[in-house]
Amino acid sequence: MSLIGIWTTTAVFVIAFGCKLPTPWYITSSDKCIDLLAFWTYYGIFNIITDIALIVLPVSIVLKLQMKASQKAVIIACDASRLS
């Protein structure tokens with residue numbers, strides 16, 4: 001979870017300080033700001049990776065439990081419902 005905190009912190013700092021001073025709020029000025037396409041690509045890829053990790057980790061734990069396969073399937077389905 002600390003990885004998500006680092007990811008969030010970097011995103012906040014990039015958005016807050018993405019353009020040069022004295023006008024850091026003019027994000028439409030491409031000559032003085034960071035490449036927004038590169039930033040959103042990084043942000044999106046990291047978001048996908050963390051979503052996959054948040055699904056794989058609980059599934060791996062549930063699969064090791066000593067219970068019926070049908071009960072495991074219900075638990076995994078409830079956990080996977082956050083994907084939609």
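1. A good place to start is Val-62, which you will find in helix α2. Please keep in mind that this is a predicted model. Is Val-62 buried or exposed? Its relative accessibility is 10%, and since buried means under 20%, Val-62 counts as buried. Follow the chain on from there to Ala-73: the two residues are 11 apart in sequence, and their C-alpha atoms are 9.0 Å apart in space.

2. Now step back to the whole chain. How many helices and strands does the chain have? The count is three helices and zero strands, so reading from the N terminus you meet the elements in the order α-α-α. The chain has 84 residues, and 14% of them count as buried. Val-62, where we began, is one of the buried residues.

3. Next, look at how the helices α1 and α2 sit together. Helix α1 covers residues 2-16, and helix α2 covers residues 36-63. Their axes come within 11 Å of each other and cross at roughly 165°. An angle over 145 degrees counts as roughly antiparallel, and α1 and α2 are therefore roughly antiparallel to each other. As for handedness, α1 passes α2 in a left-handed crossing.

4. A pair of residues to locate while you are here is Tyr-42 and Trp-7. Tyr-42 belongs to helix α2. In sequence, Tyr-42 and Trp-7 are separated by 35 residues, while in space they are 9.8 Å apart, C-alpha to C-alpha. Tyr-42 has a relative accessible area of 34%, and so it is partly exposed.

5. Helix α2 also packs with helix α3, which spans residues 69-80. The angle between α2 and α3 is about 165°, and their axes are 10 Å apart. That makes α2 roughly antiparallel to α3. Which hand does this crossing have? The crossing of α2 and α3 is right-handed, whereas α1 passes α2 in a left-handed one.

6. For a residue in helix α3, turn to Asp-79. How far is Asp-79 from Ile-55, in sequence and in space? They are 24 residues apart along the chain and 7.4 Å apart in space, again C-alpha to C-alpha. The relative accessibility of Asp-79 is 22%. Because buried means under 20% and exposed means over 50%, Asp-79 counts as partly exposed.

7. Finally, have a look at the surface. Which residues form a nonpolar patch there? The patch is made of Ile-15, Ile-34, Leu-36 and Trp-40, and together they have about 370 Å² of accessible area. Leu-36 lies in helix α2 and is partly exposed, with a relative accessible area of 34%. Patch members need over 30% relative accessible area, a cut-off that Leu-36 passes with its 34%.

Methods. Residues numbered from 1 in each chain as written. Predicted model: local features only at pLDDT ≥ 70, side-chain atom pairs only at ≥ 80, totals over all residues. Heavy atoms only, no water. Patch = residues over 30% accessible without salt bridge, like charges linked within 9 Å, V, L, I, M, F, W, Y side chains within 5 Å. Areas by Shrake-Rupley, 256 points an atom, 1.4 Å probe, with all protein chains shown as cover. Salt bridge = Lys/Arg side-chain N within 4 Å of Asp/Glu carboxyl O. Helix = DSSP H or I, 4+ residues; strand = E, 2+ residues; numbered from the N terminus. Buried < 20%, exposed > 50% of the residue type's maximum accessible area, 1.4 Å probe, protein only. Axes fitted to C-alpha atoms, helices over the stretch in contact; angles between N-to-C directions. Parallel < 35°, antiparallel > 145°, perpendicular 65-115°, else oblique. Left-handed = near helix turned anticlockwise from the far one by under 90°.
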